[in-house]
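Visitor: I would like a close look at one part of this protein, the place where aromatic rings meet. Could you take me through that part slowly, one residue after another?

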Amino acid sequence: MESEFIEYLRPRTILGRLDGVRRVPFNIRVPRQTAGATGAFVGEGSPTVVNKPTFDNITHPWAKAACITVISDELARMSSPSAEGLVRDDLVAALAQYLDKRAVDPAYPGVSNVSPASLTNGVTARQSTGATLAALDADVRYVMTQFADAELSLMRGVWVMSASAAIRLSMMRTNQDSKAFPDLSVTGGTFYGLPVIVSNNVTGSGSPGDQFLILIDQEQVMMSEGAIELDVSMEASLEMNDAPSGGATSLRSLWQNNLIGLKVVRYIYWTKRRSTAVQFIDKAQSYAS
């Protein structure tokens with residue numbers, strides 16, 4: 001069941017659909033070159049200059065996301081369709097939504113020794129400059145130029161956007177009344193020549209309805225994944241609280257109350273090899289408004 005669960009979860013997450021990221025093991029230090037050596041012309045009889053590259057390290061610890069849900073023994077025994085499938089779907093949706101939002105929310109800085117910062121955290125957003133196709137061209141050009149100026153390739157670049165943004169952009173039309181982005185739809189496609197991942201977990205940082213257009217250089221993203229743990233118990237005691245404390249004293253016995261607890265734990269960690277590996281446009285809801 002665990003192997004089935006991990007395959008069921010991965011296609012539903014943004015990170016699971018990033019097929020070009022660098023997969024690395026947990027608990028390693030990855031050397032990163034921060035400055036390179038340079039060459040110089042050397043005159044006859046003159047010494048050759050000596051340069052040295054400089055390095056630092058990226059530490060990739062492990063982190064986990066988890067969820068517990070409780071159903072009655074009667075529901076598990078008598079339900080049709082099977083309660084197992086219903087609970088599995090709910091756990092998948094909960095973890096997928098949580099991980100997606102943490103991965104792309106610019107306001108999430110991560111927690112030391114607990115969770116990684118989002119891929120967009122610390123990135124200065126490009127604010128949408130207008131509702132027209134020309135404004136969109138200017139904003140996308142600016143974002144893509146950030147990669148070019150940092151000498152990063154977009155051969156493995158991918159856009160991440162909400163379904164609402166994908167619908168809005170796919171319906172933009174040129175002055176000749178033809179679709180500006182005929183290869184873009186609510187299910188994905190391409191946008192300015194790069195593939196698109198659509199997820200409703202991509203939301204803006206301001207008022208409700210704000211939207212992002214995120215561009216990621218997958219080659220500059222490192223991700224570690226571990227096994228998914230799926231546990232079932234009728235004998236544990238739980239603090240029935242969605243914000244449990246470390247020293248809980250009010251516990252409920254699953255065995256005494258004919259309940260079944262299901263717990264899923266997802267081990268995952270991500271980070272950027274270069275700070276410029278992710279760029280995004282904010283207020284994208286203004287396009288074609």
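Guide: In this predicted model, a good residue to begin with is Y192, which counts as partly exposed because its relative accessibility is 28%, a value between the 20% and 50% cut-offs. The ring of Y192 pairs with the ring of F191, and since their centres are 4.7 Å apart and their planes stand at 90°, the pair is edge-to-face, the term used for planes over 60 degrees apart. F191, in contrast to its partly exposed partner, is buried, with a relative accessible area of 0%.

F191 also has a second partner to consider, because F181 and F191 form an aromatic pair of their own, with 4.8 Å from centre to centre and 55° between the planes, which makes this pair tilted. F181 lies in the loop between α5 (163-170) and β7 (184-185), while F191 belongs to strand β8 (residues 188-191), so the pair ties together parts that are 10 residues apart in sequence. Both F181 and F191 are buried.

If we now step back a little, F181, F191 and Y192 join W159 in one aromatic cluster, and a search of the whole structure finds six aromatic pairs. Rings elsewhere in the model have charged groups as neighbours: the charged end of R102 sits over the ring of Y108, 4.3 Å from the ring's centre, and the charged end of R126 sits over the ring of Y142, 4.5 Å from the centre of that ring.

Technical notes:
Residues are numbered from 1 along each chain as its sequence is written. This is a predicted model: local features need pLDDT of at least 70, side-chain atom pairs count only at pLDDT 80 or more; totals for chains, interfaces and linings use all residues. Side-chain values use heavy atoms; hydrogens and water are left out. Rings of Phe, Tyr and Trp (its six-membered ring) pair if their centres lie within 6.5 Å; planes under 30 degrees apart count as stacked, over 60 as edge-to-face and the rest as tilted. Helices (H or I, at least four residues) and strands (E, at least two) are DSSP runs, numbered from the N terminus. Buried means under 20% relative accessible area, exposed over 50%, partly exposed in between (1.4 Å probe, protein chains only). A charge sits over a ring if NZ of Lys or CZ of Arg is within 6 Å of the ring centre and within 35 degrees of the ring normal.
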